[in-house]
Amino acid sequence: MDKKVVLIGASGFVGKAILQELLARGWQVKALVRDPQKILLKNPALTVEKVDVSDEKQLAAALRGYADVISAYNPGWKNPKIYEDTLTNYPKILAAAKVAHVKRLLIVGGAGSLFVASGLRVMDTGKVPEAILPGVRSLAEFYLGTLTREDGIDWVFFSPAGVLGNADGSPGVRTGKYRLGKDDLIVDAEGNSTISVEDYAKAMVDELESPAHHKERFTIGY
């Protein structure tokens with residue numbers, strides 16, 4: 001295996017954990033970020049490049065020569081335009097990957113489009129906080145309206161559990177013990193749906209190294 005990969009959004013909450021997991025497993029990583037100064041990690045296997053994902057040509061040039069790309073892109077939960085930016089930029093990421101002849105695009109998905117009951121998705125339960133609902137809905141709409149119809153690239157949309165990390169905003173700990181699923185929210189015996197960022201990152205890199213899903217979504221939870 002040619003262990004080189006592009007990671008979009010490597011400075012974010014999930015992106016940082018995926019970056020550390022990749023480097024720990026011996027991957028050569030090209031990290032694409034809005035602000036390179038946010039990447040404090042120094043590693044000879046890491047290259048950091050400033051790229052604006054809204055610039056499709058610039059992004060395609062950065063992806064060229066790579067078979068595998070992981071996207072942890074997020075416009076920012078406090079961005080008042082998160083809904084519009086997600087629905088504008090994620091199709092550009094998808095298009096740039098195809099132009100660059102990327103073979104596999106692994107996307108950090110959301111839990112909003114998962115089912116909690118027959119015909120009822122997480123985002124429609126009324127339990128998602130209003131503050132994050134625009135970001136939740138936009139990523140779900142990209143998955144349902146665009147990605148599920150995409151046949152020109154081998155994509156994966158990896159949805160986390162309902163709560164990613166701890167309630168206090170910390171990433172949690174790596175346990176290596178979790179369950180994987182398809183389209184239904186994974187909950188524990190008490191009805192909670194959680195996963196640490198570290199376990200999510202582990203499962204994402206497992207999927208990169210040993211592909212088990214193709215042109216489909218899968219999910220994770222304890």
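Of the 222 residues in the protein chain, 48% count as buried. The model is a predicted one. Carbon and sulfur atoms hold 52% of the accessible surface, which totals about 10,700 Å².

**Overall build**

The protein chain has five helices and 12 strands. Its radius of gyration is 16 Å, close to the 17 Å from the globule rule for 222 residues, so the chain is as compact as a globular protein of that length. Along the principal axes, the C-alpha atoms fill a box of roughly 45 × 35 × 30 Å. Many contacts span long stretches of sequence: counting pairs at least 6 residues apart, 70% join residues at least 24 apart. The chain carries 28 positive and 27 negative charges. The mean positions of these two sets lie 3 Å apart.

**Nonpolar cores**

The largest nonpolar core has 33 residues. Within this core, I18, L22, V29 and I70 have the most contacts. Seven elements are not equal partners here: α5 gives the largest share, seven residues. The elements that give two or more residues are tabulated below.

| Element | Residues |
|---|---|
| β1 | 4-8 |
| α1 | 13-24 |
| β2 | 28-33 |
| β5 | 104-108 |
| β8 | 154-159 |
| α5 | 197-209 |
| β12 | 216-221 |

A second, separate core has 28 residues, among them Y66, Y73, I93 and A96.

I18 shows how the largest core is knitted together. Setting aside residues up to four places away in sequence, I18 touches L7, I70, V108, Y200, A201, M204 and V205. L7 falls within β1 (4-8), and V108 within β5 (104-108). Y200, A201, M204 and V205 fall within the 197-209 span of α5. I18 itself belongs to the 13-24 span of α1.

**A closer look at L46**

Where does L46 sit? L46 lies in strand β3, which covers residues 46-50. Is L46 buried or exposed? Its relative accessibility is 12%, under the 20% cut-off, so L46 counts as buried. Beyond its neighbours within four places in sequence, L46 is in contact with L19, L23, V29, A31, I39 and L41. One of these partners, V29, is also among the residues with the most contacts inside the largest core. L19 and L23 lie in the 13-24 span of α1, while V29 and A31 lie in the 28-33 span of β2. R34 is another matter: L46 and R34 are 12 residues apart in sequence, and their C-alpha atoms are 16 Å apart in space.

How values were computed
Residues are numbered from 1 along each chain as its sequence is written. This is a predicted model: local features need pLDDT of at least 70, side-chain atom pairs count only at pLDDT 80 or more; totals for chains, interfaces and linings use all residues. Side-chain values use heavy atoms; hydrogens and water are left out. Helices (H or I, at least four residues) and strands (E, at least two) are DSSP runs, numbered from the N terminus. The radius of gyration is taken over C-alpha atoms; the globule rule is 2.2 Å times the number of residues to the power 0.38. Buried means under 20% relative accessible area, exposed over 50%, partly exposed in between (1.4 Å probe, protein chains only). Contact means heavy atoms within 4.5 Å. Accessible areas come from the Shrake-Rupley method with a 1.4 Å probe; for residues, only the protein chains shown count as cover. Lys and Arg count as positive and Asp and Glu as negative; His and the chain ends are not counted. The place of a charge is taken as NZ of Lys, CZ of Arg, CG of Asp or CD of Glu. A nonpolar core is a set of buried Ala, Val, Leu, Ile, Met, Phe, Trp, Tyr and Cys residues joined through side-chain atoms within 4.5 Å.
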